[in-house]
Amino acid sequence: MAHQMHAFHMVNPSPWPLTGAVAALLMTSGLAMWFHFANTMIMYLGFTVLLLTMFQWWRDIVREATFQGHHTLIVQQGLRYGMILFITSEVFFFLGFFWAFYRASLAPLCELGESWPPTGILPLNPFEVPLLNTAVLLASGVTVTWAHHSIMNHNRKETTQALTLTIILGLYFTLLQAMEYYEAPFAIADGVYGSTFFVATGFHGLHVLIGSTFLIICLLRQVMYHFTSEHHFGFEAAAWYWHFVDVVWLFLYVSIYWWGS
Amino acid sequence: MDEDMKTKIKNYRTAPFDARFPNQNQTRNCRQNYLDFYRCEKKLKSSGQDPYICKWYKLVFTSMCPTEWVKRWDDQRENGTFPGKI
């Protein structure tokens with residue numbers, strides 16, 4: 001075999017982008033099928049394909065990165081740019097929901113009684129569970145930084161502890177949000193208040209679940225000795241993503257929960 | 001003042017320009033005058049005064065509002081579902 005004279009990663013053909021696309025198609029059409037025909041078959045099939053894709057794609061990348069050494073410094077630089085671009089696109093995704101919220105709330109229509117929250121809507125008290133959620137997410141931002149510093153300082157025990165704590169805080173946030181949704185005195189179909197509230201906070205919740213998954217993968221890899229003090233971009237990407245989710249929550253809290261009530 | 005208002009009502013032709021609503025979209029002008037009419041009537045009636053001068057607001061909102069909206073809001077007031085304070 002010819003000797004490779006550069007530091008770039010020449011990737012092999014992989015089926016996972018295709019299976020991922022199939023999963024996305026099945027999940028979106030399955031969602032429409034659920035809404036229109038109350039049948040969840042296709043949606044769950046799509047979700048299963050998604051989980052299989054995630055598992056195998058992640059496994060392949062771990063093999064390439066950790067065991068085959070393909071993630072050289074220059075490759076890691078590319079991964080950094082990729083993650084930055086991805087998070088930037090996520091910022092604009094959420095910007096759309098904030099736009100909808102402010103469009104509806106800054107000059108409320110006659111139909112809403114020209115007031116925000118609209119006449120008849122009882123919003124959640126921002127100083128109860130939502131404030132606790134803010135504290136929980138801010139604390140998880142601290143613990144993920146603690147985990148990062150522990151990795152860089154070769155402190156294996158504290159890395160595992162801090163990362164576990166971050167994941168627990170993330171799951172606690174999800175639990176509190178689920179309870180808050182269950183108890184909410186308004187619904188997504190109530191009008192523009194419910195629509196903007198549940199679409200914005202719901203997509204944030206989805207991102208918390210994705211971020212938690214990402215951190216759980218990092219914890220498993222940490223336990224399996226995949227990270228070194230110099231080479232742990234998988235962890236850093238998860239931490240960046242987690243901070244992004246945290247910042248989105250702060251904007252949601254200040255705009256929708258606090259100002260919007 | 002009262003006499004002024006009475007002459008204004010007598011000589012009413014259509015809604016005048018209102019500096020509070022400078023935009024092309026006059027929805028809020030219509031809505032505000034609808035609210036003001038019923039608020040005015042409620043207030044003057046409750047204090048035993050003649051609500052005649054409130055008629056100005058009614059003339060304005062009748063000029064400004066689509067009749068469909070007025071009908072809907074009247075129905076809502078009747079059913080107690082009107083989203084506004086009168």
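Reader: Which residues of helix 5 of chain A are buried?
Author: In this predicted model, the buried residues of helix 5 of chain A include Thr159(A), Ala162(A), Leu163(A), Thr166(A), Ile167(A) and Gly170(A), and further along the helix Phe173(A), Leu176(A), Gln177(A) and Glu180(A) are among them as well.

Reader: And what do those buried residues pack against?
Author: They pack against three helices of chain A, namely helix 4 (129-152), helix 6 (192-223) and helix 7 (233-259).

Reader: How far does helix 5 reach from its first C-alpha to its last?
Author: Helix 5, which covers residues 156-183 of chain A and has 28 residues, reaches 41 Å, and that is close to the 40 Å expected at 1.5 Å a residue.

Reader: Ok, zooming out, how many helices and strands does chain A have?
Author: Chain A has 7 helices and 0 strands, so that, by the DSSP runs used to assign them, the pattern read along the sequence is α-α-α-α-α-α-α.

Reader: Where does UniProt put the "transmembrane region" feature?
Author: The unreviewed UniProt entry places that feature at residues 16-35, 41-58, 79-102, 159-177, 197-220 and 240-260 of chain A.

Reader: What is the chain like over residues 79-102?
Author: Over residues 79-102 of chain A the chain is 100% helix and 0% strand, with its end C-alpha atoms 35 Å apart, while residues 197-220 of chain A are also 100% helix, with end C-alpha atoms 34 Å apart.

Reader: New topic: how many positive and negative side chains are there in chain A?
Author: Chain A has 7 positive and 13 negative side chains, and the centres of the two sets lie 18 Å apart.

Conventions: Residues numbered from 1 in each chain as written. Chains lettered and ligands numbered in written order. Predicted model: local features only at pLDDT ≥ 70, side-chain atom pairs only at ≥ 80, totals over all residues. Heavy atoms only, no water. UniProt positions renumbered as here; feature names shortened; annotations may be inferred. Helix = DSSP H or I, 4+ residues; strand = E, 2+ residues; numbered from the N terminus. Expected span 1.5 Å × (residues − 1). Buried < 20%, exposed > 50% of the residue type's maximum accessible area, 1.4 Å probe, protein only. Contact = heavy atoms within 4.5 Å. Lys, Arg positive; Asp, Glu negative; His and termini not counted. Charge placed at Lys NZ, Arg CZ, Asp CG, Glu CD.
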